Amino acid sequence: MTDTQKILKNEQATEQLARALAALAQPGDALLLTGPLGAGKSVFARAFLRCFCRDDALEVPSPTYTLVQTYQAPTCTVAHFDLWRLGGPDELEELGWEDAREGVVLVEWPERLEDLTPPEALHIAFTVGADGVRTVHLHGWGDRLDGAALSASFPA
């Protein structure tokens, strides 16, 4: 398992990270986004989806009220889940979770998945320090996330 932490100096750094991970994503992947409101999850999700779908103008509304938005990318379908309002993992079946897992899933509030959390998922945890500095901690995708892709996105 790869375990990496990066400082996100600005919104563009969050977008660069999203694009770097979109280039590595494959059908069957799950990206699990955690962090407080305003930490960068939506900025990340929008940039990831636009890059993965190869559409810079792609409209990416928040799935807060619909719970899931799907997008057709060149390689597979991408489902963006926001599980904040989910009552429990049993409600995921109604949202098409199993079918969505054949493509790429991007999940906000993944703790609501409970036992349905994919073991091979990439965990992306955003934090904001008292000083306002945003950091991201990545855990997973050890076979693909070797630091080289991330180093290119975050030059010293």
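Here are some worked exercises on this predicted model.

**Exercise 1. The salt bridge**

Find out how many salt bridges the structure holds, which side chains take part, and where they sit along the chain.

Solution. Start with the count: searching the whole structure turns up one salt bridge. Next, get the partners: the side chains of Arg101 and Glu120 meet here, at 2.6 Å from N to O. That fits the cut-off, which asks for a side-chain nitrogen of Lys or Arg within 4 Å of a carboxyl oxygen of Asp or Glu. Now place them: Arg101 is in the loop between H3 and strand E5 (104-108), while Glu120 is in the loop between E5 and strand E6 (122-128). The two are 19 residues apart, so the pair links distant parts of the chain. Last, check how covered each partner is. Arg101 counts as buried because its relative accessible area is 17%, and buried means under 20%. Glu120, at 39%, is partly exposed.

**Exercise 2. The acidic patch**

Work out which residues gather in the patch of negative charge on the surface, then take a look at Asp99 and Glu114.

Solution. First, list the members: Asp90, Glu91, Glu93, Glu94, Glu98, Asp99, Glu102, Glu114 and Asp115. Then pick out Asp99, which belongs to helix H3 (residues 97-100). Its relative accessibility is 60%, so Asp99 counts as exposed; the cut-off for that word is over 50%. Now move on to Glu114, found in the loop between E5 and E6. The backbone of Glu114 has a phi near 50°, a positive value in a residue other than glycine.

**Exercise 3. The nonpolar core**

Describe the largest nonpolar core: how many residues it has, which have the most contacts inside it, and which element gives the most.

Solution. Begin with the size: the core has 32 residues. Inside it, the most contacts go to Leu21, Leu31, Phe44, Phe48, Phe52 and Ile124. Next, ask where the residues come from. At least two residues each are supplied by helix H1 (11-24), strand E2 (30-34), helix H2 (41-52), E5, E6 and strand E7 (134-139). To finish, pick the top contributor: H2 gives the most, with six residues.

**Exercise 4. Trp109**

Decide whether Trp109 is buried or exposed, and say what its phi looks like.

Solution. Locate the residue first: Trp109 lies in the loop between E5 and E6. Its relative accessibility is 17%, so Trp109 counts as buried. Then turn to the backbone, where phi of Trp109 is near 60°, a positive value in a residue other than glycine. For a distance check, take His137, which is 28 residues away along the chain: the C-alpha atoms of Trp109 and His137 are separated by 15 Å.

**Exercise 5. Sequence gap and space gap**

For Leu8, Cys76 and Gly96, put the separation in sequence next to the C-alpha distance to a chosen partner.

Solution. Take Leu8 to begin with, a residue of strand E1 (residues 3-8). With 4% relative accessibility, Leu8 counts as buried. Leu8 and Thr135 are 127 residues apart in sequence, yet their C-alpha atoms are 5.3 Å apart in space.

Next comes Cys76, in the loop between strand E3 (68-72) and E4. Cys76 is buried too, at 8% relative accessible area. From Cys76 to Ala121 there are 45 residues in sequence and 17 Å in space, C-alpha to C-alpha.

Finally, try Gly96, in the loop between strand E4 (77-82) and H3. Gly96 is partly exposed because its relative accessible area is 23%, which lies in between the cut-offs of 20% and 50%. Gly96 and Ala47 are 49 residues apart in sequence, with 24 Å between their C-alpha atoms.

Notes:
Residues numbered from 1 in each chain as written. Predicted model: local features only at pLDDT ≥ 70, side-chain atom pairs only at ≥ 80, totals over all residues. Heavy atoms only, no water. Patch = residues over 30% accessible without salt bridge, like charges linked within 9 Å, V, L, I, M, F, W, Y side chains within 5 Å. Areas by Shrake-Rupley, 256 points an atom, 1.4 Å probe, with all protein chains shown as cover. Lys, Arg positive; Asp, Glu negative; His and termini not counted. Charge placed at Lys NZ, Arg CZ, Asp CG, Glu CD. Helix = DSSP H or I, 4+ residues; strand = E, 2+ residues; numbered from the N terminus. Buried < 20%, exposed > 50% of the residue type's maximum accessible area, 1.4 Å probe, protein only. Core = buried A, V, L, I, M, F, W, Y, C linked by side-chain atoms within 4.5 Å.
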